[in-house]
Amino acid sequence: MSIATEAVMKQEVYQVNGMNLWYGQHHALKNINLSIHENEVTAIIGPSGCGKSTFIKTLNLMIQMTPNVKLAGELNYNGSNILKDKVDIVDLRKNIGMVFQKGNPFPQSIFDNVAYGPRVHGTKNKKKLQDIVEKSLKDVALWDEVKDRLHSSALSLSGGQQ
């Protein structure tokens, strides 16, 4: 089988067409076009400040947590334009996750950051969530440092703790 034939057989999972992004009046990303296929590694590279992280945060709409952001164009995930179609944001983020080079907590409490994943996956029981948060923080040797401030902002954690 030739490489060209193999590439044609891979399912396209994400198609970005003419995507633009503004922070207020600043046009940060201009006319982005990109296809991402399943079972392929896709690298987004470029100099500091060129918009790599901003672009990646659009793929699961995390960018919409940032004030004054406007998006235009098409972000097609499995055939659905996530900018226009009704999308279950929780389901989208279950399928399109991110691991950042540095800690990148949500602007919520330490507890809510740790409990986010279990909540997304359906855990609602308060006691069970408390147990999960405690165990998780103990597993990463942070429990003793943060147990008295679980309801403080996760943004107050040091870089290493994040």
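1. In this predicted model, I82 makes contacts beyond its immediate sequence neighbours: leaving aside those within four places, I82 touches Y14, T58, L59, L61, L75, Y77, V87 and L92.

2. I82 is also listed, together with Y14, V16, M19, L59, L75 and Y77, among the residues with the most contacts inside the largest nonpolar core, which has 17 residues. Two or more residues of this core come from each of β1 (12-23), β2 (26-37) and β3 (69-77). The greatest contribution is that of β1, with 5 residues. Another core, of 12 residues, lies apart from this one and includes A115, L142, W143 and A154.

3. The whole structure contains 2 aromatic pairs. In one of them, the ring centres of Y14 and Y77 are 5.7 Å apart and the planes stand at 45 degrees, so the pair is tilted. Y14 belongs to strand β1 and Y77 to strand β3; the pair therefore ties together parts 63 residues apart in sequence. Y14 is buried, at 4% relative accessible area, and Y77 also counts as buried, at 15%.

4. The rings of F106 and Y116 likewise form a tilted pair, because their planes are at 45 degrees, with centres 4.8 Å apart. F106 is located in the loop between α3 (89-95) and α4 (110-120), and Y116 in helix α4, so this pair links parts 10 residues apart in sequence. F106 is buried, with 16% relative accessible area, whereas Y116, at 27%, counts as partly exposed.

5. A charge over a ring should also be noted: K70 lies over the face of W22, at 4.6 Å from the ring centre.

Notes:
Residues are numbered from 1 along each chain as its sequence is written. This is a predicted model: local features need pLDDT of at least 70, side-chain atom pairs count only at pLDDT 80 or more; totals for chains, interfaces and linings use all residues. Side-chain values use heavy atoms; hydrogens and water are left out. A nonpolar core is a set of buried Ala, Val, Leu, Ile, Met, Phe, Trp, Tyr and Cys residues joined through side-chain atoms within 4.5 Å. Buried means under 20% relative accessible area, exposed over 50%, partly exposed in between (1.4 Å probe, protein chains only). Helices (H or I, at least four residues) and strands (E, at least two) are DSSP runs, numbered from the N terminus. Contact means heavy atoms within 4.5 Å. Rings of Phe, Tyr and Trp (its six-membered ring) pair if their centres lie within 6.5 Å; planes under 30 degrees apart count as stacked, over 60 as edge-to-face and the rest as tilted. A charge sits over a ring if NZ of Lys or CZ of Arg is within 6 Å of the ring centre and within 35 degrees of the ring normal.
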